[in-house]
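User: I would like a close look at one part of this structure, followed by an account of how the rest is held together. Please take your time over it.

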Protein chains: 2
Amino acid sequence: MDNPFLVEVTRGPLVESRHRGSVSVVDADGSTVLSIGDVDRRVFPRSAVKALQALPLLESGAADTYGLTDEEIALACASHSGEPEHVRVAQSMLAKAGRDVGCLECGVHWPMGEAANRALAAQGGTPNALHNNCSGKHAGFICLACGLGEDPKGYVSPNHPVQRMVREALEDATGACHTMENSGIDGCSIPSYAIPLPSLAFGFAKFGSGAGLSADGKAAAARIRKAVAAHPFMVAGTGRFDTRLMELLKERAFVKVGAEGVYCAALPELGYGIALKADDGNARAAEAIMAGLILRFLPLDDEMRAAVGKMAQPVLKNWNGIEVGGLRLTPMVQG
Amino acid sequence: MDNPFLVEVTRGPLVESRHRGSVSVVDADGSTVLSIGDVDRRVFPRSAVKALQALPLLESGAADTYGLTDEEIALACASHSGEPEHVRVAQSMLAKAGRDVGCLECGVHWPMGEAANRALAAQGGTPNALHNNCSGKHAGFICLACGLGEDPKGYVSPNHPVQRMVREALEDATGACHTMENSGIDGCSIPSYAIPLPSLAFGFAKFGSGAGLSADGKAAAARIRKAVAAHPFMVAGTGRFDTRLMELLKERAFVKVGAEGVYCAALPELGYGIALKADDGNARAAEAIMAGLILRFLPLDDEMRAAVGKMAQPVLKNWNGIEVGGLRLTPMVQG
């Protein structure tokens, strides 16, 4: 099955590039609200499931043991830009568990945020694992291990108690088997398990509504949603799509990007979960589609519609600030 | 017509993302060597035609008037990384025409090369138009204007004598009409004209072989090819695909990337021109396809096959250096 065109990139009067993709929107009892393209194909959710991966941190009681703040819980769900505030909060999480940057197993990269990248260079600095966009998630894994009384060493391995609990949380939320035959290694070295989009969407419908989760799971999901809505900067960073969308929509939409064109969301008031993938892995397409689906489903006033609309179909400008084209959603997305 | 899958991106045992595209390979008399996908669709060649856009600089005699060196001619065809050497050479071109950075109309951006970006920040610097990846092409336009006795001001406009000459050179090489109805504004503010891939490939077949060009055009193309082969660093920069490929293949392949997944090449010994576009505009796909086509057509010894093969089907590693997947060409490309 060929996935349809969902986003066109225009230049002047012509379409310059095109993105295909698949979308699943599911409600809290698992019924299909919208299905576009081949949704049976397994997709690696990558960082889009960080909020589900953070559930054991709260359900286990480790977050309370260490007195994690809402900022810290938001950072545990983040693909952050490596800005100084992100680094500070990741460090604080580790310190609460009596650990430090040396325990992080995510690897090192320069800050994802351009300004943070240059600021670090301007100070004569070099990056460490705290700047890795996944450092908050990893600090959360280390808090979870320590809270359980386990040695955090090797916490990225599929056989470590942390990753076993994380896998069970993902299976519980999505209802999909997470098998080694369908697993790969993520950018930060933890396993990523490929599952079909409707399972992913169902997981986020449950995460947003609490339906079908245990009492502890429901409370954990509510606390994560609240923490992220209060600190959308922590989840991404300056100018980033997740941060901008949640600054606008607050608790009305939980959204999280993943690498390779994946995007997940929960719309709690509707009980909907959304999961989508741009075939080619392109973030600009995934972002536009997500904003387009929020416009399609979430009742918004005119001002909010205009603001989200600019994110769904952004204008593209060149280095002189001249408008040269834009992104355009196809009717498949707009409905 | 649906373009076929040309590149698969794997993670673990699965295909994570997929890229479709179209390809045209044409010989110097315009016969089709290979055609994949919808090649009638017009494509904005963007920066992939910089070498053709540089022909008037040489044919007009302006390059000789100002004594441009091979490095400078190579930079006139570049999408460079804004490294100090690129900046120095662009400045030298302008100085030879009695001009300076203030005449550049390409706009300003931070160096495209990550290391150059951070090095500039570390010095407390800020970018100027010389760091723009197109500054060499623009310096060439200014040399052309001055050599013709024209005021360079407004040289990015389609009606300026410089852009008229550039458009004529593109029409002459490709045999395709370059009309305003099919034009858009490029990142650096000059017009880009969308034409079908076979016309683009034909232009590069002529550029590589000299066949069908005037005596002056043939000499200009030969000088550009030689200059770029001698200074592949100038055309792109440290670690960049064009630079690496031409460091390997020297005068046997002229290759040039363009934005939004376009790639063009000339293989002079075969008389072939190549033009391709990844539908989604993704550079990783365009690069892999180009390296794959070179492997397919150019006779290479084992060592060279291995080196180009690594560029065609690269291994992907994560932040800890663990192999997580790779790019894989489909049989459509491999032949």
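In which strand of chain A does A:Ser22 lie?

Analyst: A:Ser22 lies in strand β2 of chain A, and the model discussed here is a predicted one. With a relative accessible area of 4%, A:Ser22 is buried. Leaving out residues up to four places away in sequence, A:Ser22 touches A:Asn3 and A:Leu6, the run A:Ile36, A:Gly37, A:Asp38 and A:Val39, then A:Leu197, and finally A:Ala275, A:Leu276, A:Lys277 and A:Asp279.

The strand that holds A:Ser22 also takes part in the interface. Between chain A and chain B, 48 residues of chain A are in contact with 48 residues of chain B, and the two chains bury about 4200 Å² between them, with 46% of that area on carbon and sulfur atoms. On the side of chain A, the residues that lose the most area to chain B are A:Arg11, A:Arg118 and A:Trp319, which together account for 16% of what that side buries.

Polar and charged pairs also cross this interface. There are 34 residue pairs in polar contact across the interface of chain A and chain B, counting pairs with both residues at pLDDT 80 or more. Four elements of chain A, namely β2 (14-26), α6 (114-122), β5 (183-185) and β12 (323-329), each supply at least two residues of the side that touches chain B. The largest share of that side, 7 residues, comes from β2(A). Sorted by class, the side of chain A that touches chain B has 17 charged, 16 polar and 15 nonpolar residues.

The count of salt bridges between chain A and chain B is 6, and over all chains the structure holds 26 salt bridges. In one that joins the two chains, the side chain of B:Asp2 meets that of A:Arg20, with N and O separated by 2.8 Å. Within chain A, A:Arg11 forms a salt bridge with A:Glu16, and the closest N and O atoms of this pair are 2.7 Å apart. Both A:Arg11 and A:Glu16 are buried.

A second pair within chain A is formed by A:Glu72 and A:Lys96, whose side chains meet in a salt bridge at 2.7 Å from N to O. Because A:Glu72 lies in helix α4 (residues 70-76) and A:Lys96 in helix α5 (residues 84-96) of chain A, this salt bridge ties together parts that are 24 residues apart in sequence. A:Glu72 counts as buried at 4% relative accessibility, whereas A:Lys96, with a relative accessible area of 30%, is partly exposed.

In chain B, the side chains of B:Arg223 and B:Asp70 meet in a salt bridge at 3.7 Å from N to O. Since B:Arg223 lies in helix α10 (residues 215-230) and B:Asp70 in helix α4 of chain B, the pair ties together parts that are 153 residues apart in sequence. B:Arg223 is partly exposed, with a relative accessible area of 25%, and B:Asp70 counts as partly exposed at 26%. Turning from single pairs to shared partners, salt bridges join A:Arg11, A:Glu16, B:Arg46 and B:Asp186 into one network.

The cysteines can be read alongside these pairs. The count of disulfides over all chains comes to 0. The sulfur of A:Cys103 has its closest cysteine sulfur in A:Cys146, and the 7.1 Å between them is too far for a bond. B:Cys177 is likewise in no disulfide, and the nearest cysteine sulfur, that of B:Cys264, is 19 Å away. At 57% relative accessibility, B:Cys177 counts as exposed.

Two further places add to the view of the chain interiors. In chain B, B:Ala78 has its place in the loop between α4 (70-76) and α5 (84-96), and it counts as buried at 0% relative accessibility. Apart from neighbours within four places in sequence, B:Ala78 is in contact with B:Lys50, B:Asn133, B:Cys134, B:Met234, B:Val235 and B:Lys256. In chain A, helix α12 (residues 241-249) has among its buried residues A:Phe241, A:Leu245, A:Met246 and A:Leu249. The buried residues of α12(A) pack against several elements of chain A, including α10 (215-230), β8 (254-258), β9 (262-267) and α13 (283-297). Just after α12(A), A:Lys250 takes a positive phi of about 50 degrees.

Conventions:
Residues numbered from 1 in each chain as written. Chains lettered and ligands numbered in written order. Predicted model: local features only at pLDDT ≥ 70, side-chain atom pairs only at ≥ 80, totals over all residues. Heavy atoms only, no water. Contact = heavy atoms within 4.5 Å. Buried area = accessible area lost by both parts, 1.4 Å probe. Salt bridge = Lys/Arg side-chain N within 4 Å of Asp/Glu carboxyl O. Polar contact = N/O pair within 3.5 Å; in protein donor to acceptor, adjacent residues only side chain to side chain. Nonpolar A, V, L, I, M, F, W, Y, C, P; charged D, E, K, R; others polar. Disulfide = S-S within 2.5 Å. Buried < 20%, exposed > 50% of the residue type's maximum accessible area, 1.4 Å probe, protein only.
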